[in-house]
Amino acid sequence: MRRYGKHTDEDDIRSRPNRKGNRPRTHIRPKHEDASWGMVLTVDRGRLTVLVDDRIVMAMKARELGRKAAIVGDRVALVGDLSGQKDTLARIVRIEERTSVLRRTADDDDPYERVVVANADQLAIVTALADPEPRPRLIDRCLVAAFDGGLTPLLVMTKSDLAPPDKLLELYGDLDIPYVVTSREELENGDAAPRVREQLDGKITAFVGHSGVGKTTLVNALVPEDRRRLTGHVNAVTGRGRHTTTSALALPLAGDDGWVIDTPGVRSFGLHHVDPSRVIHAFPDLEPGTENCPRACSHDEPDCALDEWVAEGHADPARLYSLRRLLATRERTEGD
């Protein structure tokens, strides 16, 4: 094997011929120090719509990112044509570290994790009080995903003219979750929007719920037509002419004081990806009691130290019940 000294001449270096005639590959990646930052608004078949300053830019992921994918809500660095003009395309070269992630799997046996939204501050769980009937197990699962991903939950109950919210509020009262109650009439005439808006100002909020609960109707009321024009041509990318909530879409609130992210209606919310040990972080009154728990304690077993902690009066027994109900949701079907 030939060895070279520190001062070799270029003619002494043997290089492998490149039959394709293109530049040789290298592991040294460009730094792109002049890249501009933007927020991903929606993703469709490998093309990403990004807000850069006040412009909508179409982009694709750079090859150097490998398998790392950008999702709605991501802060990304872009290079290339950032004019936002028709038929232009930029490249996403970096993805900023995420502050929160909303994830789900198709079901509890599915190991394939779907990342839905990044960097959201809260998760608005929209449920109808009737027509269709509430699905507490689905709500529980959304709560677990929110706690696991670092999002604050918000419960939005619709169609209060068909059924009272008391029973559902009693079920989740011990979790201290903020909530808003609306009726069909308020959804249709827009009266519900101001009360919901109070919970959204200054935050990025992802909306989730199954079909028929009024989620998209509420999102449309929260984001007036003049704000939707900002992302209006996003829908042309899908080829369907309009946004049908088949993929997540970020929309700015009036006054640029927050964002709402409309997500596709869900039929199930798998929790295969959830680490139960992280759910306890949403219960700060119970978390100190886990110090004496056995290693890898599920917090729902005979030797769990939380039973003694609660019995000594350090926390409300209802809070422990709520924690264990959420932890057990992976073992229950959503229709239970």
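**Helix α1 and its surroundings in the predicted model**

In this predicted model, P132 sits in the loop that runs between β8 (122-128) and α1. The peptide bond leading from D131 into P132 is cis, and its omega is near 5°.

Helix α1 itself covers residues 136-149, a total of 14 residues. From the first C-alpha to the last, α1 reaches 20 Å, close to the 20 Å expected at 1.5 Å a residue. The helix is mostly covered, with 14 of its 14 residues buried. C142 is one example, with a relative accessible area of 2%, and this residue counts as buried because the value falls under the 20% cut-off. Just after α1, G150 adopts a positive phi of about 90°.

A residue remote in sequence also approaches the helix segment. The C-alpha atoms of L271 and R141 are separated by 7.2 Å, although the two residues are 130 residues apart along the chain. L271 belongs to the loop between β13 (259-262) and α7 (276-279). The relative accessible area of L271 is 0%, and the residue is therefore buried.

The search for internal space covered the whole structure and returned three cavities of 30 Å³ or more. The second largest cavity has a volume of about 50 Å³. β8 and α1 are the elements that contribute two or more residues to the lining of this cavity. The lining consists of I125, V126, T127, R135, L138, I139, C142, V208, G209 and H210. By class, six of these lining residues are nonpolar, three are polar and one is charged. C142 thus appears in two descriptions, as a buried residue and as part of the lining of the second largest cavity.

The cysteines were also examined for disulfides. A disulfide is a covalent bond between the sulfur atoms of two cysteines. For C293, the closest cysteine sulfur is that of C304, at 3.9 Å. The two sulfurs are too far apart for a bond, because the cut-off for a disulfide is 2.5 Å. The count for the structure comes to zero disulfides. C293 has a relative accessible area of 14% and is buried, since this value is under 20%.

Strand β5 (90-95) pairs with two other strands. With β3 (residues 55-61), the pairing is parallel and extends over three bridges. With β4, the strands run antiparallel and are joined by five bridges. I92 in β5 takes part on both sides: K61 stands opposite I92, and I92 is also the bridge partner of L78.

The loop between β4 (75-80) and β5 contains D87. This residue has a positive phi of about 65° although it is not a glycine. D87 is exposed, with a relative accessible area of 76%. A positive phi is also found at D176, which is not a glycine either; here the angle is about 55°. D176 is placed in the loop between α2 (166-172) and β10 (179-181). With a relative accessible area of 62%, D176 is exposed, because the value is over 50%.

Conventions: Residues are numbered from 1 along each chain as its sequence is written. This is a predicted model: local features need pLDDT of at least 70, side-chain atom pairs count only at pLDDT 80 or more; totals for chains, interfaces and linings use all residues. Side-chain values use heavy atoms; hydrogens and water are left out. Buried means under 20% relative accessible area, exposed over 50%, partly exposed in between (1.4 Å probe, protein chains only). Helices (H or I, at least four residues) and strands (E, at least two) are DSSP runs, numbered from the N terminus. The expected span of a helix is 1.5 Å times one less than its number of residues. On a 1 Å grid over the protein atoms alone, a cavity is a set of points where a 1.4 Å probe fits but cannot get out, and a pocket is an open set with protein on both sides within 12 Å along at least five of seven lines; lining residues have an atom within 4 Å of a point. Grid points are joined across faces, edges and corners, and a volume is the space filled by probe spheres set on the points. Ala, Val, Leu, Ile, Met, Phe, Trp, Tyr, Cys and Pro count as nonpolar, Asp, Glu, Lys and Arg as charged, and the others, Gly among them, as polar. Two strands pair if DSSP finds at least two bridges between them.
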